[in-house]
Amino acid sequence: MLAKFQNHINQNLPFLKEKKLLLATSGGIDSMVLLHLCHDLKLDVRVAHCNFQLRGDESDEDEKFVKSQCEKLDVLMFVNHFDTKKFAETQKLSIQVVARNLRYEWFNTLLINNDYDYILTAHHLDDSLETFLINFTRGSGLDGLTGIPQQNGNVVRSLLPFSRNEIEAFAKENKIQWREDSSNASDKYVRNKLRHDVIPILKELNSSLLDSFENTISNLQQAQTLVDDASRIVYRKVVTDMNFQKRINLTELMQLPNYYAYLYQWLEPFGFSDWDSITDLVTAQSGKQIHSQNHTLLKDRNELIFFQKQKTEGNEEFLIEKDQKDVKFPLKISFCNVDDISVQATNTIFVDEEKLQFPLEIRKWQEGDWFYPQGMNGKKKLSKFFKDEKISLLDKSNAWLLCSENQIVWVIGKRQDERFKVTTQTTQIIQIQLHE
């Protein structure tokens with residue numbers, strides 16, 4: 001196995017040979033074999049061990065064991081203790097999810113603080129098969145059926161081509177010690193049920209199951225590459241990126257026979273999972289919307305508009321004092337005195353300073369708001385102004401106002417109020433500019 005591992009590194013992961021590596025080591029057979037393989041090849045590794053304090057004395061014994069093995073091999077070791085149950089209760093997440101999050105947050109902190117390059121984990125071919133079956137039973141898309149990736153950013157799974165049988169044989173042949181995790185024997189978790197009950201039956205049906213699985217994964221990964229390429233090509237044709245929002249042209253998209261597949265590719269990474277609702281949204285009336293945890297998908301005429309949810313509340317107000325030169329939040333706006341009026345644009349207005357009452361206020365628009373649009377006669381409700389100007393539902397919902405004593409000075413980025421404009425009697429001019 002050592003020769004095969006060395007060949008794998010030389011052919012597929014040669015960059016590891018000159019890098020500083022952090023090896024995630026639990027004390028189990030997989031990570032202990034990986035530690036010995038890396039040590040034998042003289043890779044520049046150090047060990048990171050997580051004590052999640054989930055199995056009482058057994059967790060502490062795992063930590064002692066890993067420490068003793070690192071001392072024998074003269075390998076630097078980092079240890080961190082986590083109150084995992086408390087984190088899970090506080091965050092209302094499963095123990096498995098919390099443990100994974102804690103583990104990788106700490107690993108990345110170690111990389112940054114110590115100028116290390118990569119995290120090595122001991123995932124192997126059987127793990128990839130189990131992940132495939134878990135995703136398969138949950139109704140995953142193609143991306144969930146491509147197995148565990150060999151590399152994901154700074155995380156590298158260098159044991160991925162090796163089976164559990166190969167790892168066990170190498171450990172016994174080289175008298176490598178390891179610790180058994182008692183939780184691995186329990187069928188409490190889906191992965192263990194597959195490992196103990198399902199996969200052995202599949203191996204009885206096909207003695208070359210893992211070889212067949214490798215071929216299947218290779219084919220699926222190539223198919224995923226084709227999907228990604230097609231998705232990027234179509235994205236460039238039908239999606240417009242504008243100021244933190246994406247506009248999907250439905251007229252163009254719906255000419256494609258499998259347009260829902262493209263929506264899946266674009267939206268699934270942002271937490272959208274209710275595909276029946278997305279299907280309905282495509283043909284729904286304007287104004288309908290659906291949400292993921294952090295994003296909104298809005299139907300507006302012949303477009304789907306995708307954007308991140310705003311963190312500000314609709315009734316929030318932001319005050320601007322008289323001598324204040326700029327605003328950073330919720331919008332970037334600058335104020336300065338000028339001697340004359342330059343060419344006006346939607347992102348810039350010029351107002352008579354004597355007509356302003358400070359502090360000014362920035363707030364969201366509300367039903368019933370009205371103003372005197374510059375260039376028009378009389379006042380108009382904002383709702384009517386938005387409709388007449390054909391302002392999209394998204395832009396309407398995101399509209400901010402600059403006000404002086406509850407009078408609208410500027411529908412920001414759209415129209416100034418006539419009452420505050422510069423005239424021949426103006427002596428002090430303020431330029432107010434919205435910055436993207």
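Two strands are taken to pair where DSSP finds at least two bridges between them, and this criterion underlies the first close-up of the predicted model.

**View 1. Strands β19 and β20 pair within an open sheet of the predicted model.** Strand β19, covering residues 400-404, lies antiparallel to strand β20, covering residues 407-411, and the pairing is made over 4 bridges. Within this pairing, Leu402 is placed opposite Trp410 of β20. Both strands belong to an open sheet of 5 strands with antiparallel pairing, in which the order runs β12-β16-β19-β20-β21. The edges of the sheet are taken by β12 (317-320) and β21 (415-416), and because each of these has a single partner strand, one side of each is left without a neighbour in the sheet.

**View 2. Strand β15 is a buried strand that pairs with β22.** Of the 5 residues of β15, 5 are buried, so the strand is largely enclosed by the rest of the structure. In a regular strand the side chains alternate between the two faces of the sheet. In β15, Thr348, Phe350 and Asp352 point one way, whereas Ile349 and Val351 point the other way, and all of these residues are buried. Strand β22 (residues 429-435) runs antiparallel to β15 and is joined to it by 5 bridges, with Ile430 of β22 serving as the bridge partner of Val351.

**View 3. Cis peptide bonds precede Pro330 and Pro359.** The bond that joins Phe329 to Pro330 is cis, with an omega of about 5°, and Pro330 itself sits in the loop between β13 (326-327) and β14 (332-338). The peptide bond from Phe358 to Pro359 is likewise cis, its omega being near 0°. Pro359 is located in the loop that connects β15 (348-352) with β16 (360-364), and β16 is one of the strands of the open sheet shown in View 1.

**View 4. Lys42 and Arg301 are loop residues with positive phi values.** Lys42 is not a glycine, yet its phi is positive, at about 60°, and the residue lies in the loop between α2 (29-40) and β2 (45-51). Exposed residues are those with over 50% relative accessible area, and Lys42, at 71% relative accessibility, therefore counts as exposed. Arg301, also a residue other than glycine, has a positive phi near 60° and occupies the loop between β10 (295-300) and β11 (303-308). With a relative accessibility of 49%, Arg301 counts as partly exposed.

Methods
Residues are numbered from 1 along each chain as its sequence is written. This is a predicted model: local features need pLDDT of at least 70, side-chain atom pairs count only at pLDDT 80 or more; totals for chains, interfaces and linings use all residues. Side-chain values use heavy atoms; hydrogens and water are left out. Helices (H or I, at least four residues) and strands (E, at least two) are DSSP runs, numbered from the N terminus. Buried means under 20% relative accessible area, exposed over 50%, partly exposed in between (1.4 Å probe, protein chains only).
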